[in-house]
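These are my notebook entries on a single protein model. I set down what I looked up, entry by entry.

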Amino acid sequence: YMSPNYFESDYQIPMPLSYRNAIVSSLVFIHNTIKDANITLARTQGRQNYFTPRHYLDFISQFVNLSNEKREELEEQQLHLNKGLRNLKETQEEVSKLQILNQEKSKELEIKNKEANEKLKQMVDDQQKAEIKKKDSQELKAKLEIQNEEIQIKTAGAMEKL
């Protein structure tokens, strides 16, 4: 079955050709099924139900409207998802930059910690040296005091002899 040319200009369904043929075949099948159902209805119940070309065109129009509505909904969903994906990519890039910055800062912190530890070690060494010098100077002071006392005793003894 081929659809008439005037349908194509009035009711264009923008889909790939393979989908178009499937849709046309489905619409024709539905139309023929309704025709067969009307014949069966007329035989069994004696009622006549008419399905005119105008009804068929309304059916096609309704199908096109529904198809367009669903397409718009899908496009909105896709836009929403793309926006979300874009935000996720931006966040991923930002996290990557922050991780690189964090690595650099960690390296700087490690270097500063090493320098601080070396400085602290040097300060402890200097303090120990100062304590040793202080101890040595106290010992020397004690020796000098003893020598001064001995000198005073000797000078006092020499003064008495004089």
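Entry 1, surface patch. In this predicted model, I looked for nonpolar side chains grouped on the surface and found a patch formed by Phe 29, Ile 30 and Ile 34. Together these three residues have about 270 Å² of accessible area. I then took Phe 29 by itself and located this residue in helix H2. Is Phe 29 buried or exposed? I noted a relative accessibility of 57% for Phe 29, which therefore counts as exposed, since the cut-off for exposed is over 50%.

Entry 2, overall fold. I counted the secondary structure elements and obtained three helices and zero strands. Reading along the sequence, I wrote the pattern down as α-α-α. For the whole protein I recorded an accessible surface of about 14700 Å², with 56% of this area belonging to carbon and sulfur atoms. How much of the protein is buried? Of the 162 residues, I found that 7% are buried. I also checked the contacts with a sequence separation of 6 or more: residues 24 or more positions apart account for 62% of them.

Entry 3, nonpolar core. Which residues make up the largest nonpolar core? I listed seven: Ile 23, Val 24, Leu 27, Val 28, Tyr 56, Ile 60 and Val 64. Helices H2 and H3 (53-161) each supply at least two residues of this core. The largest share, four residues, comes from H2.

Entry 4, Asn 38. I turned to a polar residue and placed Asn 38 in helix H2, which spans residues 17-45. The relative accessibility of Asn 38 is 13%, so I entered this residue as buried; the cut-off for buried is under 20%. Which residues does Asn 38 touch, if those up to four places away in sequence are not counted? I found Asn 49 and Phe 51.

Entry 5, salt bridges. I kept in mind that side chains of opposite charge can pair when their charged atoms come close. How many salt bridges does a search of the whole structure find? My search of the whole structure gave three.

I began with Arg 54 and Asp 58, whose closest N and O atoms are 3.4 Å apart. The two residues are four apart in helix H3, so about one helical turn separates Arg 54 from Asp 58. I noted Arg 54 as exposed, with a relative accessible area of 53%. Asp 58, with a relative accessible area of 37%, is partly exposed.

I next examined Lys 70 and Glu 73, which form a salt bridge with the closest N and O atoms 3.8 Å apart. Why are Lys 70 and Glu 73 separated by about one helical turn? I attribute this to their positions, because the two residues lie three apart in helix H3. Lys 70 is partly exposed at a relative accessible area of 42%, and Glu 73 also counts as partly exposed, at 35% relative accessibility.

I closed the search with Lys 114 and Glu 110, whose side chains meet in a salt bridge at 3.9 Å, N to O. Lys 114 and Glu 110 are four residues apart in helix H3, so about one helical turn lies between them. For Glu 110 I recorded a relative accessible area of 47%, which makes this residue partly exposed.

Technical notes. Residues are numbered from 1 along each chain as its sequence is written. This is a predicted model: local features need pLDDT of at least 70, side-chain atom pairs count only at pLDDT 80 or more; totals for chains, interfaces and linings use all residues. Side-chain values use heavy atoms; hydrogens and water are left out. Buried means under 20% relative accessible area, exposed over 50%, partly exposed in between (1.4 Å probe, protein chains only). Contact means heavy atoms within 4.5 Å. A nonpolar core is a set of buried Ala, Val, Leu, Ile, Met, Phe, Trp, Tyr and Cys residues joined through side-chain atoms within 4.5 Å. Accessible areas come from the Shrake-Rupley method with a 1.4 Å probe; for residues, only the protein chains shown count as cover. A salt bridge is a side-chain nitrogen of Lys or Arg within 4 Å of a carboxyl oxygen of Asp or Glu. Patches are made of residues with over 30% relative accessible area and no salt bridge: like charges are joined within 9 Å, nonpolar side chains (Val, Leu, Ile, Met, Phe, Trp, Tyr) within 5 Å.
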